[in-house]
Amino acid sequence: MNGEMRTISPVQIFVALCLVVGSAPARAADTLRIGLQTTGTFAWQLDVIRRHGLAEGAGLDLKISEFASPDAGKLALNSGTVDLAVVDWLWVARARALGAKWLFYPYSSAAGAIMVKDDSPVRGIKDLRGRVLGIAGGPLDKSWLIVQAAAIRQGIDLKQAVKLEYGAPPLISQKLQQGEAEASLNFWNFCASLETKGYRRILDVRDAEATLGLSQPVALIGYVFSEQFAGTHKGIIDRFIAVAQQADDIMLRSDAEWDALRPLMNAEDDRTFKAYRDRTREGMPQRPIAAEQADARTLFKALADIGGAGLVGPSQELDQGLYYQPPPRAEMERCCQELIR
């Protein structure tokens with residue numbers, strides 16, 4: 001070394017630790033407790049990870065707890081019974097504004113839309129005046145707030161101009177199909193199903209985001225875990241993100257993989273199955289965290305302008321510590337490959 005002291009980067013330390021793990025075949029896998037909403041698409045990704053042995057190859061033992069709703073997953077995170085769950089971005093942003101130390105890493109930018117029957121005279125959101133609009137979730141649903149903000153930019157206050165009905169996603173879908181609502185704003189998978197039954201989109205939540213000044217859609221759901229857990233188990237989080245990205249790559253390039261997933265998808269027919277597959281692929285995040293964070297900051301400000309402190313908490317600006325920053329993907333994948341060997 002010629003008497004010189006060399007600085008070792010955090011990434012080099014992480015890779016070195018992975019190599020140590022890979023050189024000890026008798027070592028027990030590290031446990032990661034995951035909360036899973038049974039009807040969510042996260043189950044599909046976890047199934048790919050399981051069938052391809054990606055977690056085992058990365059030295060991880062995934063312990064899955066199933067929940068019936070996203071709220072149950074949030075409660076499990078708060079109680080410490082799971083280490084990681086897929087949760088919506090706005091909940092995490094608001095929690096951080098109130099002092100909670102959650103971290104967020106993008107899982108999907110797939111989003112819903114306002115749907116109408118194909119022969120409906122409604123062509124745009126201004127045509128909704130005086131009509132019944134069903135909304136999946138409640139008054140503070142993130143997609144509804146984004147649509148409201150975009151509509152205000154176009155000169156229409158939907159809360160005043162439209163008759164609103166809230167409900168669970170299946171109920172809102174039924175109301176539209178039974179004619180009890182003339183339009184509905186629902187989650188992306190229900191919209192994909194409706195498209196195969198003679199319904200069309202008049203406004204995508206993605207397009208509403210663009211109206212608010214976003215360069216690309218923000219991932220509205222993501223992997224969430226505490227700063228404390230990430231601080232003491234960084235290697236586990238980084239390896240899980242790496243295998244999740246590997247699973248996404250498999251789902252992106254392989255149609256046969258979706259045939260294996262089909263029993264989990266509850267697709268009513270081939271058209272619905274293909275719509276689920278294609279929309280899931282479209283929602284897989286592909287851009288750097290810095291770009292994601294920049295658009296998220298813009299979106300948070302727009303939502304703060306509409307909902308105020310009751311929606312986003314006391315801060316009008318997105319907490320800069322919200323997004324988790326793993327090592328570069330190439331370094332994480334190299335680590336996992338070493339573990340496989």
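Which charged end sits over the ring of F273? Here are some notes on that and on other features that caught my eye; please keep in mind that this is a predicted model.

1. **A charge over a ring.** The group in question belongs to R262, whose charged end is placed over the ring of F273 at 4.5 Å from the ring centre.

2. **The chain overall.** You will find 17 helices and 10 strands in the protein chain. Of its 341 residues, 52% are buried. If you take the contacts between residues at least 6 apart in sequence, 78% of them join residues at least 24 apart.

3. **Aromatic pairs, beginning with two tryptophans.** Searching the whole structure turns up 11 aromatic pairs. One of them is formed by W44 and W258, which meet edge-to-face with 6.0 Å from centre to centre and 85 degrees between the planes. W44 belongs to helix α2 (residues 42–51) and W258 to helix α13 (residues 255–265), so this pair ties together parts of the chain that are 214 residues apart in sequence. Both partners are worth checking for burial: W44 is buried at a relative accessible area of 6%, and W258 is buried at 0%.

4. **A tyrosine pair between strands.** Y107 and Y223 also form an edge-to-face aromatic pair, with centres 5.5 Å apart and planes at 75 degrees. Here the partners come from strands: Y107 lies in β4 (residues 102–108) and Y223 in β10 (residues 221–226), so the contact ties together parts 116 residues apart in sequence. Y107 is buried, with a relative accessible area of 7%, and Y223 is buried too, with 4%. The two tyrosines are also members of a cluster, in which ring pairs link them with F42 and F240.

5. **The second largest pocket.** This pocket holds about 400 Å³ of space. Its lining consists of 24 residues, and those nearest the pocket centre are Y105, Q245, P285, Q286 and R287. Four elements give two or more residues to the lining: β4, α12 (234–253), α15 (289–307) and α17 (329–340). Which of the elements gives the largest share of this lining? That is α12, with 6 residues. Sorted by class, the lining has 15 nonpolar, 4 polar and 5 charged residues.

6. **The largest cavity.** The whole structure has 2 cavities of 30 Å³ or more. The largest has a volume of about 80 Å³. Its lining is made up of T41, Q45, Y107, S108, A110, W188, D248, M251, T280 and M284. Two elements, β4 and α12, give two or more residues to this lining. By class, the residues divide into 5 nonpolar, 4 polar and 1 charged. Do look at Y107 again here: this lining residue is also the β4 partner in the tyrosine pair of point 4.

7. **The second largest cavity.** How much space lies in the second largest cavity? The volume is about 60 Å³. Around this cavity are A110, A111, W188, R201, D204, R206, R279 and E282. Strand β9 (199–204) and helix α14 (270–283) each supply at least two of the lining residues. The class count is 3 nonpolar, no polar and 5 charged residues. A110 and W188 are among the residues lining this cavity, and A110 and W188 also appear in the lining of the largest cavity.

8. **Helix α9 and what covers it.** W188 brings us to helix α9 (residues 188–195), whose buried residues are W188, C191, A192, S193 and L194. The elements covering these buried residues include α2, β5 (113–117), α8 (169–177), β8 (183–186), β9 and α14. Two of the names are familiar from the previous point, where β9 and α14 supply residues to the lining of the second largest cavity.

9. **T272, a buried threonine.** Helix α14 contains T272. Is T272 buried or exposed? T272 counts as buried, because its relative accessibility is 0% and the cut-off for burial is under 20%. Leaving aside residues up to four places away in sequence, T272 touches S193, T196 and A267. S193 is one of the buried residues of α9, so you may like to view this contact together with point 8.

Methods:
Residues numbered from 1 in each chain as written. Predicted model: local features only at pLDDT ≥ 70, side-chain atom pairs only at ≥ 80, totals over all residues. Heavy atoms only, no water. Phe/Tyr/Trp six-rings, centres within 6.5 Å; stacked < 30°, edge-to-face > 60°. Buried < 20%, exposed > 50% of the residue type's maximum accessible area, 1.4 Å probe, protein only. Lys NZ or Arg CZ within 6 Å of the ring centre and 35° of its normal. 1 Å grid on protein atoms, 1.4 Å probe; cavity = no way out; pocket = protein on both sides within 12 Å on 5 of 7 lines; lining within 4 Å. Points joined across faces, edges and corners; volume = space filled by probe spheres on them. Nonpolar A, V, L, I, M, F, W, Y, C, P; charged D, E, K, R; others polar. Contact = heavy atoms within 4.5 Å.
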